[in-house]
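Colleague: I'm new to this one, so could you take me through a single part of it up close? Pick a spot and tell me what surrounds it.

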Amino acid sequence: MKRQKPLPRTNPKRKAENFDRAYGGADRAAWVGHQPCLICSAVPSENAHVPSRSGASRKGDARWVVPLCGRHHRIGKNSLHALNKGGFEAARQIDLAHEAYVTDARYQQYLATRKQLDGETT
């Protein structure tokens, strides 16, 4: 018996769940995109995942995201993708895990401030 309708290539529900886990949702991804690059302060930035361990087959969750411009994130021989985490940190004298923690704390503060301005309590 032949299928009437072909199977979708990806599972949309799983894709949305993975996006929410990896980026914290569209609002958070947009917020990070408006932050200055950690290295050169260029805006807009990309959501750069800090690799938590070598060989990990999927991106870390949203707590491990830092703002980097395209040049420092993925373009060129001195980017995070080209140098890997250790090489990038050594070349730039930066601790990406700490910066990811700071970025997450700043986003949480942004959410709390936004709730206060919207008149919400919690």
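**A close look at Asn47**

Modeller: Let's start with Asn47, which counts as buried because its relative accessibility is 14%, and the cut-off for buried is under 20%. Keep in mind that this is a predicted model. Asn47 sits in strand β1, which covers residues 46–49.

So what does Asn47 touch? Setting aside neighbours within four places in sequence, Asn47 is in contact with Tyr23, Arg28, Ala29, Val32, Gly33, Val65, Val66 and His73. One of those names comes up again when you look at polar atoms: the side chain of Asn47 reaches the backbone oxygen of Ala29, at 3.2 Å.

Val65 and Val66 from that contact list take us over to strand β2, residues 65–68. Strands β1 and β2 pair in the antiparallel sense, over four bridges. To get your bearings, find Glu46 and look across: opposite it in β2 stands Leu68.

Now turn β2 around and check its two sides. In a regular strand, side chains alternate between the two faces of the sheet. Here, Val65 and Pro67 are on one side of β2, with Val66 and Leu68 on the other. Both faces are covered, and all four of these residues are buried.

It helps to place this spot in the whole chain. The protein chain has five helices and two strands, and from the N terminus the order is α-α-β-β-α-α-α. Of its 122 residues, 28% are buried, and Asn47 is one of the residues that count as buried. As for contacts between residues at least 6 apart in sequence, 55% of them join residues at least 24 apart. On the outside, the chain exposes about 8700 Å², with carbon and sulfur atoms supplying 52% of that.

While you have the model open, have a look at the aromatic rings too. A search of the whole structure turns up three aromatic pairs. Among them is Tyr107 with Tyr110, a tilted pair at 5.9 Å centre to centre and 35 degrees between the planes. Both tyrosines belong to helix α5 (residues 96–117), three residues apart, or about one turn of the helix. Tyr107 is buried, at a relative accessible area of 7%, whereas Tyr110 counts as partly exposed at 31%. Ring pairs also bring in Trp31, linking Trp31, Tyr107 and Tyr110 into a cluster.

Definitions and conventions. Residues are numbered from 1 along each chain as its sequence is written. This is a predicted model: local features need pLDDT of at least 70, side-chain atom pairs count only at pLDDT 80 or more; totals for chains, interfaces and linings use all residues. Side-chain values use heavy atoms; hydrogens and water are left out. Rings of Phe, Tyr and Trp (its six-membered ring) pair if their centres lie within 6.5 Å; planes under 30 degrees apart count as stacked, over 60 as edge-to-face and the rest as tilted. Buried means under 20% relative accessible area, exposed over 50%, partly exposed in between (1.4 Å probe, protein chains only). Two strands pair if DSSP finds at least two bridges between them. A polar contact is a pair of N or O atoms within 3.5 Å; within protein, one must be able to donate a hydrogen and the other to accept it, and residues adjacent in sequence count only if both atoms are side-chain atoms. Contact means heavy atoms within 4.5 Å. Accessible areas come from the Shrake-Rupley method with a 1.4 Å probe; for residues, only the protein chains shown count as cover.
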